[in-house]
Each structure stands twice: as C-alpha cells, then as structure tokens.
Amino acid sequence: MKKVIQILNIVVFLGFLVILAVVSLAVPKDDFSETENRYLADMPDFSASDWFSGDYTEDLTDWLDDHFAMRTNWISLHTSLELFQGRSEVNGVYIADDRLLELTEEIDYDVVDNSLEAISYLSDLSDTPVYVMIVPTAAEIYSDEVDYTEKKVSQRELISYAYSYLYENSSAEPIDVYSVLYSSREEYIYYRTDHHWTSTGAYLAYISATDVMGYTASTLDKFDVRYASHSFYGSLHSSVLYSGIEADTIEFYLSNARTVSKLSTDEEGNVVYSSVFDESYLSRKDKYLCYLGENVGKTEVVSDATGGKLLVIKDSYANCFVPFLAENYSDITVLDLRYLTNPTASIGDLSEYDAVLILYNAQNFAEDTNLPKLKLISAG
C-alpha cells in the first residue's frame, strides 16, 4: 500500500506539471509583465548554429520561465519559502523589517576609474563649472538593518574614493549629500519598495547643493506638496512580490513661485509644453515615471526662473530632482547617456551652459559604462 501511495503521488505531481506546461503553451502570451514591470522573453527562432552553441536552449528556457502559468504566484511562493527557511535575500533583494533593499555587489573599480577619467575630461573642456553628485542608495543609509552575513560593499567608501579622485585630478566639484541623507534617515527619504529616493530625499539634496552650486534654494513654503498616490509598489517589490512591506507614496512638490514645464515637439514639429509631473503614469505599475516621463536620451525643462542654463547628465535618480533645479535655472537640458550614442549632438556648445551637474546613484555609478561617452564631447 505504501508503495502504491508513493506511485500515486509521483503520478499526481507529474500530471500537475504536464497540465501546467500545456496551459503555459496554450494561454495567450504577454509581451510585458505589469506586475514585474519588465518585458518578457520572446520565443527564440531556431537555427542550427544557436542549437549547437547552446544559445537556443538557453533562450527557450528563458521564454518558458517568463511564460509559465501562474508565474507571479510562483514568485510570491518562492519568496515566502525563502523567508521561511531564514533567508533574507531573494532575487538580489534584501527583505528588511519595513523596507526592501537592493544590496550593492562587488565594485569594479576599472569601470569607476573610466567614468572618473571621463568626468575629468569634461571638466577640463571649458570654463563651465562641473559638479558631481553621487547619491547613496537606501542600502547604504540603512545598512545597519542588514544582517552582517548579507552585507556586500560600502557605498560610502566608493563615494569617498570618487570624490578624492576628482579633487586631485580635475576641476569638477563634488557635492556631499551623504551627510544630510544619513542624518535624515528617520524621514521618508527613500521608497520602501523601490530603488529610488523620494522627492523629500531629493529636496534635502537640493538644499545641500546650495553652497557648492551657488544658487539660493527655495524654502519649503515655496511648494505645495501633493500626495498623488499611496499605492506605489516599485521595482524591488516587482522582483520578490512580497506583500509584507507597506505601499509607497508618490509626492509632487509643486512650485507656487515658478511655472515649470517639460518641452517637447509633436509629430508636426510644434513645440509642446507639458507638466514635469506626468500624472498618466499614476495608473501604471511604475509610478516613478510620473517624474519627467519615460527615460529618453534628452529632455528639456524650462521655467520662468531668472537663472541661467544648466546641463544635467544623469541616471533616473535625477528625475525627481530636476524640478527643484527649475527654481533656479530657466533652461535645463537633461541627458541620459544610456540612450545616446553621441552626446555632442544633444549638448551643442558646452560653453553656452552656466553649469553642468552629473548626478548618479552610487550603485549605478559603480556599474554604468556609459559615462566614458563624455570623451566624445568637443569644446564647441
């Protein structure tokens, strides 16, 4: 009888897998997972070369993983099982008591040095002052919430290394925001379920940059703070689908002293002015896109400020930071080098700018290989 039961269990289990496989093949396939906030793998085209190299089976495995029936349920179940077994890191995300953290992996300082050399090159091109802001992520500011065995590397050491290099080898001026963010760690300065900082964190950095960049920051009474959404589950939540962390809030710091707009051109070549806060994304999974919209190579922001022209070279951490800068600069060109092959065409004459700000979060700064594109920029 015991042997019969074991056989029945095996048959039932295999039958369950077969049913799941059939359902996975039969149901319509989505191109994008709204829950995981990413594009799903495409069915690979078969070729003999890919078969013998192993690329076809690897791509097919990715496709099957992405389109397996009830995939999101399995991800959530996997996270629960990992936590049950005492593990805190799942799919590269550390699950703390009240937040999710993306831990920094081992730093390749060759990548960092190449980026720093490019920044030094840019700072030497003209008399335009260049400022650098490397922002620690929540994993650094709340590193005391991470078990010792799970800790990776120190972003503070990375920032110190980068700033020391710039002091010694370039005219670029580093901006310290580590101090103000750490001292304000009890405030809502980072999202709990996403890898970005909040608008509150960005505002504190905007205040900190005052003395270095030479502008007079607008005080809080110059803004109307609107809480646009209380149901934001960000990129880190998408990786683990863990329901034990409270949803995040999207904040809009609306200037009551300035008219701030994002400038674009429609299909007919007409100039279009729209809000820097795109509320259409509030109904989507990735609500952080409401700050300046989708990531693109070049974005123009204009305001009625009396300040001059600013060039921002950035990753997505700058998206909720730029609206504050519009309090002091009337024309801001925002470049994301990930989407530009030759930034010279987008920048024009560097000397036309009153200042350049390079803004990255520390983890992305350590990994991004696009900053060397700055060496393609000419003095104009």
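**Figure 1. Helix 9 and its buried residues.** In helix 9, the buried residues are Ser199, Thr200, Gly201, Ala202, Tyr203, Leu204, Ala205 and Tyr206; buried means under 20% relative accessible area, exposed over 50%, and partly exposed in between, using a 1.4 Å probe and protein chains only. Helices (H or I, at least four residues) and strands (E, at least two) are DSSP runs, numbered from the N terminus. Because 8 of the 10 residues of helix 9 (residues 199–208) are buried, this helix is largely enclosed by the rest of the structure. Which elements help to cover the buried residues of helix 9? Among them are strand 6, helix 8 (178–183), helix 10 (210–213) and strand 8 (223–232). Strand 9 (248–255) and helix 12 (322–325) are also included.

This is a predicted model, where local features need pLDDT of at least 70 and side-chain atom pairs count only at pLDDT 80 or more, while totals for chains, interfaces and linings use all residues. Residues are numbered from 1 along each chain as its sequence is written, and side-chain values use heavy atoms, with hydrogens and water left out.

**Figure 2. Strand 14 and its two partners.** Is strand 14 (residues 331–335) largely buried or exposed? Here 4 of the 5 residues are buried, so strand 14 is largely enclosed by the rest of the structure. Strand 12 (residues 298–303) pairs with strand 14 in the antiparallel sense over 5 bridges; two strands pair if DSSP finds at least two bridges between them. Look for Ile332 in strand 14, the bridge partner of Val301. Ile332 is also the bridge partner of Leu310. Strand 13 (residues 309–314) runs parallel to strand 14, and 5 bridges join them.

**Figure 3. The open sheet and its edges.** Follow the 8 strands of this open sheet in the order 7-6-15-13-14-12-10-11, with mixed pairing. Strand 7 (173–174) and strand 11 (271–274) stand at the edges with a single partner strand each, so one side of each has no neighbour in the sheet. Helix 7 (residues 155–169) packs on the sheet and touches strand 6 (130–135) and strand 7, a contact being heavy atoms within 4.5 Å. The direction of helix 7 makes about 170° with that of strand 6; axes are lines fitted to C-alpha atoms, for helices over the stretch in contact, and angles run from 0 to 180 degrees between N-to-C directions.

**Figure 4. Strands 10 and 11.** Strand 10 (residues 260–265) pairs with strand 11 in the antiparallel sense, over 4 bridges. Lys262 has Ser274 of strand 11 as its bridge partner.
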